[in-house]
Amino acid sequence: MTDFSEWFHNILEEAEIIDIRYPVKGMHVWQPQGFKIRKYTLDILRKLLDKTHEEVLFPLLIPEDELAKEAIHVKGFEEEVYWVTHGGLTELNKKLALRPTSETGMYPMFALWVRNHSDLPFRFYQIVNTFRYETKHTRPLIRVREITTFKEAHTVHATHEECEEQVEKAVQIYSEFFDTLGIPYTITKRPQWDKFPGAEYTMAFDTILPDGKTLQIGTVHNLGQTFARTFDITYETTEGEHEYVYQTCYGVSDRVIASIIGIHGDEKGLCLPPAVAPYQIVIVPILFKKGAEEVLEFCRNMADNLRNAGLRVHLDKRDLRAGKKFYEYEMRGVPLRMEIGPRDIENKNAVIFRRDKLEKETISIESDTFNEEIKSILDDISKNMKDKAWGSFNRFIRFADTIEEAKKGIEENKGIVSFNWCGDEACGKELEEKVHVDILGIQEENISGCNCINCEKPAKCKTLIAKTY
Ligand code: PR8
């Protein structure tokens with residue numbers, strides 16, 4: 001892939017994922033193919049969250065005074081908020097913000113709901129659209145102004161300890177989510193100057209796109225008691241005292257889908273993990289004038305059989321050249337293609353084509369365990385795609401002992417450079433300028449016995465830098 005950005009735009013259009021021609025900058029239309037990938041991705045996420053969270057749905061609009069209550073938070077978002085100022089021709093006496101995220105919409109309600117220690121902990125999430133007037137260059141699915149797929153979780157706890165544990169649990173949930181999708185990632189603690197506005201600290205997941213730039217694909221924030229104090233969220237302890245709660249929040253967005261597309265795709269187009277592919281299997285009948293009806297009947301039975309086993313199967317009966325169909329399904333990233341013609345039926349075989357390996361093989365269709373075999377091939381495709389993605393990801397990571405090595409790593413190898421750092425803000429910002437990168441975050445704290453790559457004072461943490469989206 002020579003130019004990732006061009007490839008990405010082309011595939012979104014060709015595979016009919018989203019249409020970017022909608023006439024508002026940073027806002028796009030999900031087309032049926034894209035919508036299905038999004039739906040299956042969200043199904044995985046919902047399944048993971050529903051074990052310990054409950055889904056809710058809050059209004060889109062947040063009153064100005066609520067948004068403005070938490071000073072640090074509002075400062076962080078003030079340049080990105082869209083405002084509703086009128087209802088028809090009438091000017092509203094209180095402006096309403098389109099949520100850029102929902103803390104200030106949800107937490108006044110949390111203050112009403114939390115009464116007693118027995119109400120805690122609770123863990124809610126919602127999957128909604130949020131709006132951010134991004135001033136940096138917008139890119140489909142990667143930096144949008146309407147984030148259409150904003151999954152935000154918000155949790156409330158009685159103790160600081162429980163809150164820390166929740167951060168760990170959220171990191172585990174997202175790790176499992178990205179593992180299922182075969183998306184590689186680093187987990188770091190963002191530097192203090194880059195944390196979520198109002199948080200005590202932020203943990204972030206970053207992946208690397210094929211051009212070597214990193215993309216933040218998820219964040220987990222420990223909010224401590226910042227918002228509890230602002231919105232007066234208190235509970236009564238067993239001793240009858242009123243204490244402020246502790247909170248966390250964490251989110252992922254459309255960027256997850258951008259990563260699935262960007263990381264697994266290749267020159268032929270999309271390559272979708274079976275877990276999110278709209279069709280996991282496509283059956284292409286190879287038809288000749290003689291015996292066409294028998295072949296079609298056979299294929300219909302096979303499709304039904306596989307569907308009954310819980311797989312998403314498409315039988316392509318269109319009157320088109322098989323080669324044309326093959327090209328289309330490769331571009332659309334269907335994980336497994338099956339070709340069945342009269343001779344295959346006679347020999348009780350099918351030719352299968354794996355999108356991940358671009359290889360054909362012949363399998364027997366006679367066996368009692370046929371469905372299970374197909375499922376295990378799909379599992380192997382998922383595993384192979386994940387391994388391949390981690391392989392490319394790891395090749396993008398270098399360790400540097402000096403600033404020169406760091407510069408060279410970023411220029412020549414792209415991706416991420418890891419190094420030892422003193423943790424000091426001024427030194428970090430100087431380093432970002434020298435190497436023309438961003439500090440992603442701290443990967444390992446409390447290291448000793450080595451010096452900072454930039455100021456040469458004793459190093460305290462292993463840190464990552466990269467060119468970022
Ligand atoms: C929160 N509050 O809001 P966060 N386009 C696409 N994806 C984006 C964009 C954008 N313009 N901006 C951010 N993201 C917290 C946690 C509720 C949930 C994605 O956190 O501001 C990024 O992947 O860090 C980011 O990690 C995630 O949304 C959450 O946004």
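Tutor: A strand here is a DSSP run of E, at least two residues long, numbered from the N terminus. The model is predicted. Start with the ligand. β11 gives the largest share of the shell around it, five residues.

Student: How do you know which elements give two or more residues to that shell?

Tutor: A residue belongs near the ligand if one of its heavy atoms lies within 4 Å. The shell has 22 residues, and Glu103, Glu134, Gln216, Thr219 and Ser253 come nearest. β8 (146-157), β11 and β14 each give two or more residues.

Student: What makes the pairing of glutamine 216 with the ligand a polar contact?

Tutor: A polar side-chain atom of glutamine 216 is 2.9 Å from a ligand oxygen. The cut-off is 3.5 Å between N or O atoms, so the pair qualifies. Threonine 101 also qualifies, because an N or O atom of its side chain is 2.9 Å from a ligand nitrogen.

Student: And how far from the ligand is isoleucine 142?

Tutor: A backbone N or O atom of isoleucine 142 lies 3.5 Å from a nitrogen atom of the ligand. The protein covers 96% of the 600 Å² of accessible area that the ligand has on its own.

Student: What makes up the shell by class?

Tutor: Eight residues are nonpolar, eight polar and six charged.

Student: Why is the set of 53 residues called a nonpolar core?

Tutor: A core's members are buried residues of nonpolar types, joined through side-chain atoms within 4.5 Å. The largest such core has 53 residues. Phe8, Ile17, Leu141, Phe178, Val220 and Ile261 have the most contacts inside it. Elements supplying at least two residues include α1 (4-14), α2 (32-50), β7 (122-131) and α6 (160-181). The largest share, eight residues, comes from α6. Apart from this core lies another, of 26 residues, including Phe58, Phe196, Phe227 and Ala228.

Student: What does phenylalanine 178 touch beyond its neighbours within four places in sequence?

Tutor: Its contacts are Ile183, Tyr185, Phe205, Ile217, Val252 and Val256.

Student: Why does tryptophan 113 count as partly exposed?

Tutor: Its relative accessibility is 38%. Buried needs under 20% and exposed over 50%, so 38% falls in between. Tryptophan 113 sits in helix α5 (residues 103-113). Setting aside residues up to four places away, it touches Phe58, Asp119 and Phe124. Its C-alpha is 9.6 Å from that of tyrosine 235, 122 residues apart along the chain.

Student: What makes residues of helix α10 count as buried, and which are they?

Tutor: Each must have under 20% relative accessible area. In α10 (residues 322-332), Lys325, Phe326, Tyr329, Glu330, Met331 and Arg332 are buried. As background, an α-helix has 3.6 residues a turn, so residues three or four places apart point the same way. Just after α10, glycine 333 takes a positive phi of about 80°.

Student: How do you know whether arginine 398 is buried, exposed or partly exposed?

Tutor: Its relative accessible area is 42%. That is neither under 20% nor over 50%, so arginine 398 is partly exposed. Arginine 398 lies in strand β20 (residues 397-399).

Student: What makes the approach of arginine 398 to asparagine 413 a polar contact?

Tutor: The two side chains pair at 3.4 Å. The limit is 3.5 Å, so the distance fits. Beyond its neighbours within four places, arginine 398 is in contact with Asn413, Ile416, Val417 and Ser418. Leucine 464 is 66 residues apart from arginine 398 in sequence and 9.6 Å apart in space, C-alpha to C-alpha.

Terms used. Residues numbered from 1 in each chain as written. Predicted model: local features only at pLDDT ≥ 70, side-chain atom pairs only at ≥ 80, totals over all residues. Heavy atoms only, no water. Buried < 20%, exposed > 50% of the residue type's maximum accessible area, 1.4 Å probe, protein only. Helix = DSSP H or I, 4+ residues; strand = E, 2+ residues; numbered from the N terminus. Contact = heavy atoms within 4.5 Å. Polar contact = N/O pair within 3.5 Å; in protein donor to acceptor, adjacent residues only side chain to side chain. Areas by Shrake-Rupley, 256 points an atom, 1.4 Å probe, with all protein chains shown as cover. Nonpolar A, V, L, I, M, F, W, Y, C, P; charged D, E, K, R; others polar.
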